[in-house]
Amino acid sequence: MPRPPRLHVPGGHYHVVLRGNHREALFTDAADRYALDEIVANELARFEARIHAFCWMSNHLHALIQIADQPLGKIMQRIAMRYSRYRHRRLDILGHLFERRYKAKLIEIDAYFLAVLRYIHLNPVKAHIVARPSEYPWCSHHAYLGLESISWLTTDFGLSLFSTDLSCARAAYQQFVTPGLGNENAMESIEANPHDSRILGCDKFLSSLSSPPLTPRSTCTLEQLAIRICSTRQVTNEELRSTCRARRLAAIRAEFARKAIEEHIASLTQVARFLNRDPSALSKLLARHS
C-alpha cells in the first residue's frame with residue numbers, strides 16, 4: 001500500500017523525527033552537534049521557518065518545526081543533505097547517514113503544542129540517558145528556563161502559552177515539565193489521530209484540513225481586501241493592522257485572514273506580515289475563531 005502524501009499546511013507546526021540509518025550514531029563529539037546547529041540555523045533562515053523545540057539524541061533528532069510557505073520536506077532534505085556531507089567529509093565515509101524518510105506529524109497547537117514540547121525535552125529521560133532534562137545539554141530545555149540563548153530557537157510562543165510575564169512563564173513551564181519525570185504517560189509516544197496517523201489533533205482539526213478544489217489565484221490584493229473588510233466592519237485600516245487586542249478587532253482580523261487564504265489572495269505567512277503579526281499567533285487566532 002503506498003504511503004499517504006505529506007500534509008502541507010503553510011504556517012503549520014510539525015513534530016519531526018529524523019533517525020540515523022540503521023539507528024547508527026549521528027555524532028562523534030560536541031563539534032558535530034555544533035555543526036548541525038549551524039546548518040539548522042542557515043536553513044531556517046533560508047525557508048523562513050522556525051524551531052520551537054529540539055533535542056539532538058545520539059542516533060536520532062527531534063524537533064517542533066513551524067514552516068512558512070515552503071513544504072517541510074524541502075527543509076528536512078536540505079538539513080539532512082548538508083549534515084550528511086559534513087559527516088562524510090569529516091570521517092571520509094560513504095553511504096546513507098539518515099533513514100530515507102523522516103517522520104512528521106502535523107500538530108493541532110491548542111491541544112498538542114505543549115504536550116509535544118514536553119515530550120521532546122523529556123526524551124533523554126525516557127531513554128535513561130539522564131535523570132532530569134536539565135542534565136542533557138543538547139536540547140532546548142535550558143533556553144526555555146532562560147539559562148541559555150540560542151539565536152535560531154523560538155521560545156516566545158511556547159512560553160506565552162503559560163503566561164504573558166516571562167518570569168512567571170518560565171516557572172510555569174518548569175512546573176509543567178517536572179511532573180512528567182515520574183509519569184510514564186507523559187513520556188510515552190503521543191498518540192496520532194486514529195483516522196489519520198499524519199496528525200496530532202482531534203477529528204474537527206482533521207476535517208478542517210480538507211481543502212476545497214484549487215481555484216485560480218485571486219487578482220484582489222491584501223490592501224483591496226482590507227479596504228473591503230474595513231468598510232463593512234466600520235474600522236480603519238490602521239486599527240486592523242494595529243497592536244490593539246480588542247476582541248472585536250481580533251474577530252475582524254480572523255475574518256480578514258480567512259478570506260485572504262480561502263480566496264487565494266495570500267498565504268498565512270503573507271497575511272501575518274501584512275497584519276504585523278507572528279504566523280503562530282495568527283494560526284491560533286484562526287483556530288479560536290473557526
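**Two buried residues and helix α3**

The side chain of D32 makes a polar contact, at 2.6 Å, with the side chain of R87. The model is a predicted one. D32 lies in helix α1, which covers residues 30-47. Its relative accessible area is 0%. Because buried means under 20%, D32 counts as buried. Leaving aside residues up to four places away in sequence, D32 touches F27, Y83, Y86, R87 and R90. R87 is thus named twice for D32, as one of the residues touched and as the partner in the side-chain polar contact.

A second buried position is L200. This residue sits in strand β5, made up of residues 199-200. L200 has a relative accessible area of 1%, so it too falls under the 20% cut-off for a buried residue. Its contacts, again without residues up to four places away in sequence, include H15, K105, L106, I107 and E108. Y112 and V116 are also touched by L200, as are I190, E191, A192 and F205. V116 is 84 residues from L200 along the chain. The C-alpha atoms of L200 and V116 are nevertheless separated by 9.4 Å.

V116 belongs to the buried residues of helix α3. The others in that set are I109, F113, L117, R118, Y119, I120 and H121. Helix α3 runs over residues 109-121, 13 residues in total. At 1.5 Å a residue, the expected span is 18 Å. The end C-alpha atoms of α3 are 17 Å apart, which agrees with that expectation. An α-helix has 3.6 residues a turn, so residues three or four places apart point the same way.

Notes: Residues are numbered from 1 along each chain as its sequence is written. This is a predicted model: local features need pLDDT of at least 70, side-chain atom pairs count only at pLDDT 80 or more; totals for chains, interfaces and linings use all residues. Side-chain values use heavy atoms; hydrogens and water are left out. Helices (H or I, at least four residues) and strands (E, at least two) are DSSP runs, numbered from the N terminus. Buried means under 20% relative accessible area, exposed over 50%, partly exposed in between (1.4 Å probe, protein chains only). Contact means heavy atoms within 4.5 Å. A polar contact is a pair of N or O atoms within 3.5 Å; within protein, one must be able to donate a hydrogen and the other to accept it, and residues adjacent in sequence count only if both atoms are side-chain atoms. The expected span of a helix is 1.5 Å times one less than its number of residues.
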